[in-house]
Amino acid sequence: MAPGPGARPGWSRRAQYGLFFSFLAAIAGLLIGLALLALSLVAPTAYASVRGAALDVTAPVTGALRGVTDTVAGLFTGAGNYWDAARQNSSLREENGKLRRQSIQARAIFGENAQLKAVLALREKEVATVATGRIVGSSLESERRFAVITAGSGDGVSVGMPVRSAEGLIGRVIDSGLTASRVLLVSDRSNIVPARLLRGGQPVIATGRGDGTIDLRPLEVGRNPFKRGDLIVTSGTGGLYPPNVPIARVIRLDDDGAIALPMADPAKVSFAVVGRPYEEAALPEAAPSSAESPAATPPAGAG
């Protein structure tokens, strides 16, 4: 049946019952509260018993709700800890990589400083030092072996001057610009260095092979004096390279010679010293022999 003209929209008997029971519940709650308040004032002991009984009744529900709350909080806390740990792990990896790069840079700087100190000490000892320069390039793949140093004619460098480092002989200058020079390495095929075997002093010839190694041949044919690990130094013969400069170390024996690796690798050496060509001391002139008789004086009046 349709509602009367005086009925309000949305109003029903169910809503009336709900409102009525809510009113009753509110009144009952108020009465219970007043009763408990009066009981706590009049009979505190009895009120304590009632409060204990209420605590016993509500404890399981409170415990269950606390468990659910702890579980949910644990899930959120665990998720937060997981993401925080992941973020910290990523940060630690980044910091570790940064520290590793700094360590590599520090080792490179330390090695370069050590080479520089060695070169400076060598320059102080070498009385024939012309200039000191940094090695800025070298050929590794080509058969021709060159290096470029940052010292040129403006520093007093000229073609033919020997170049060495603290580790050993590098080569000789073949081109000289104002601020840079090109060096023919000892491993080049056209570079021949008079040398000697440090162990025993046998004279040898060191010739570059064009592949980064040096070919060693003794001057005495028929006997191979080399051993693996032998050190080869300059002999000073020829007047270009000063004596006793390390050249190479023997790595394997050949039929009548040996193959050696240069002591100074331009790819690993940062600094080089340019010196003046070595000149052997001139031999003293021979005095006239006492056996030679002076020229006879012609007799007086000889016609």
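Okay, let's start with a term: a strand here is a DSSP run of E, at least two residues long, and strands are numbered from the N terminus. With that in hand, I can tell you that P218 is found in strand β8. And before I go on, please keep in mind that this is a predicted model.

So, the overall layout. The chain has 2 helices and 12 strands. If you walk along from the N terminus, the two types come in the order α-α-β-β-β-β-β-β-β-β-β-β-β-β. There are 303 residues in the chain, and 25% of them are buried.

Now the barrel. Which strands close it? Going round, you pass β6-β7-β8-β11-β10-β9, so 6 strands in antiparallel pairing, if you take "strands pair" to mean at least two DSSP bridges between them. From one strand to the next, the twist averages 40°.

Let's zoom in on one of those pairs. Strand β8 covers residues 214-218 and strand β11 covers residues 258-262; they run antiparallel, with 3 bridges joining them. One residue to click on is L216, whose bridge partner in β11 is A258.

Back to P218, which sits in β8 as I said. Is P218 buried or exposed? It's buried, because its relative accessible area is 15% and the cut-off for buried is under 20%. If you want a distance to check on your own screen, take P218 and A195: they're 23 residues apart in sequence, and their C-alphas are 9.5 Å apart in space.

Next stop, a loop. Between β5 (181-185) and β6 (192-197) you'll find D188. D188 counts as buried because its relative accessibility is 0%. What does the D188 side chain reach at 2.7 Å? That would be the backbone nitrogen of R145. There's also a side-chain to side-chain polar contact, D188 with S190, at 2.6 Å.

Last bit: the helix end of the chain. Helix α1 takes in residues 13-42, and L34 is found there. L34 counts as partly exposed, because its relative accessibility is 47%, and that class lies between 20% and 50%. L34 also belongs to a nonpolar surface patch of about 930 Å². The other members are Y17, F20, F21, F23, L24, I27, L30 and L31.

So, three places to look at when you open the file: the barrel with its antiparallel pairing, D188 with its contact to S190, and the nonpolar patch that includes L34. That's me done.

How values were computed: Residues numbered from 1 in each chain as written. Predicted model: local features only at pLDDT ≥ 70, side-chain atom pairs only at ≥ 80, totals over all residues. Heavy atoms only, no water. Patch = residues over 30% accessible without salt bridge, like charges linked within 9 Å, V, L, I, M, F, W, Y side chains within 5 Å. Areas by Shrake-Rupley, 256 points an atom, 1.4 Å probe, with all protein chains shown as cover. Salt bridge = Lys/Arg side-chain N within 4 Å of Asp/Glu carboxyl O. Helix = DSSP H or I, 4+ residues; strand = E, 2+ residues; numbered from the N terminus. Buried < 20%, exposed > 50% of the residue type's maximum accessible area, 1.4 Å probe, protein only. Axes fitted to C-alpha atoms, helices over the stretch in contact; angles between N-to-C directions. Polar contact = N/O pair within 3.5 Å; in protein donor to acceptor, adjacent residues only side chain to side chain.
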